[in-house]
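Please open the model in a viewer and keep the sequence panel visible. The tour proceeds by selection, one stop at a time.

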Amino acid sequence: MSVEVMEEEWLYSDALVRALLEWVRGHAAVERSVYPFMRILAEQALRPSEARGLRVSDVVLPERGLGKLTARYRGTAREVPLQPHFVEFLREWISEAELGEGDLLFPRRPGRPLSAPIYQRVWEQAQKAVLPRDERYWWRLGEPISILRESCLVKWLGMGVSCFAVAEVAGVTPSWLALRYPHCFRVENAETDWDHLVGAMALPESLKL
């Protein structure tokens, strides 16, 4: 399996992601569904294509506790848990946008999906406005919006969430995560207990010659 490595320095910090989203939310000229669309990529690690295809009927928003959404990718559906604060956010968004059960969750206008050129243009504007003008960031203005998903996945792994749980929520395999984000699986300053290893590898007495 060939997977391109995403090194740590390419990812966005929580603070930078928040600043980008705040810029998008604060600009009235931006299509209003772009902000919640970007936020679901950044907080729930959805692929852009999955988020674009979501309908109101794909989300379960209980009054209390965890919610969930059903994401679909290449004919496969999976459930993604939603924290209570995000449940409330989506509830408010659906009410504000006056969306019905069968409507797209993030439409450009009723019945029409949010197109990639629209949200990509806003994303590029936000990058230009927010990214620090230094060598680390400024040359990365063309970074696709999927970096929001990537940064979220790495944050979960860094928090100690099991790679199996992250893989299930993200719709990938644990081996894909290890190949994509190898820095998350490195053990710094690890010391090998050679005596323990030798003992573990030793043959039982009954098998010795």
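The stops below concern aromatic rings, charges over rings, and the packing of two helices.

This is a predicted model, in which local features need pLDDT of at least 70 and side-chain atom pairs count only at pLDDT 80 or more, while totals for chains, interfaces and linings use all residues. Residues are numbered from 1 along each chain as its sequence is written, and side-chain values use heavy atoms, with hydrogens and water left out.

**Aromatic pairs**

A search of the whole structure finds 6 aromatic pairs; rings of Phe, Tyr and Trp (its six-membered ring) pair if their centres lie within 6.5 Å, and planes under 30 degrees apart count as stacked, over 60 as edge-to-face and the rest as tilted. Select tyrosine 12 and tryptophan 123, a tilted pair with 6.3 Å between centres and 35° between planes. Tyrosine 12 lies in the segment before α1 (14–25) and tryptophan 123 in helix α5 (residues 116–130), 111 residues apart. Helices here are DSSP runs (H or I, at least four residues), as are strands (E, at least two), numbered from the N terminus. Both tyrosine 12 and tryptophan 123 are buried, where buried means under 20% relative accessible area, exposed over 50% and partly exposed in between (1.4 Å probe, protein chains only).

**Rings and charges**

Next, select Tyr35, Phe86 and Phe89, which form one aromatic cluster. Add arginine 39: its charged end sits over the ring of phenylalanine 89, 4.1 Å from the ring centre. For such an arrangement, NZ of Lys or CZ of Arg is within 6 Å of the ring centre and within 35 degrees of the ring normal. Arginine 47 offers another case, with its charged end over the ring of tyrosine 73, 3.7 Å from the centre.

**Helices α2 and α5**

Now display helix α2 (residues 34–44) with α5: they pack at about 80°, with axes 11 Å apart. Axes are lines fitted to C-alpha atoms, for helices over the stretch in contact, and angles run from 0 to 180 degrees between N-to-C directions. Val34, Phe37 and Met38 in α2 meet Ile118, Tyr119, Val122 and Trp123 in α5, contact meaning heavy atoms within 4.5 Å.

Which residue should be selected last in helix α5? Choose tyrosine 119, which is buried at a relative accessible area of 6%. Its C-alpha atom is separated by 6.0 Å from that of valine 34, 85 residues apart along the chain. Leaving aside residues up to four places away in sequence, tyrosine 119 touches Val34, Phe37, Met38, Pro48, Arg52, Leu114 and Ile145.
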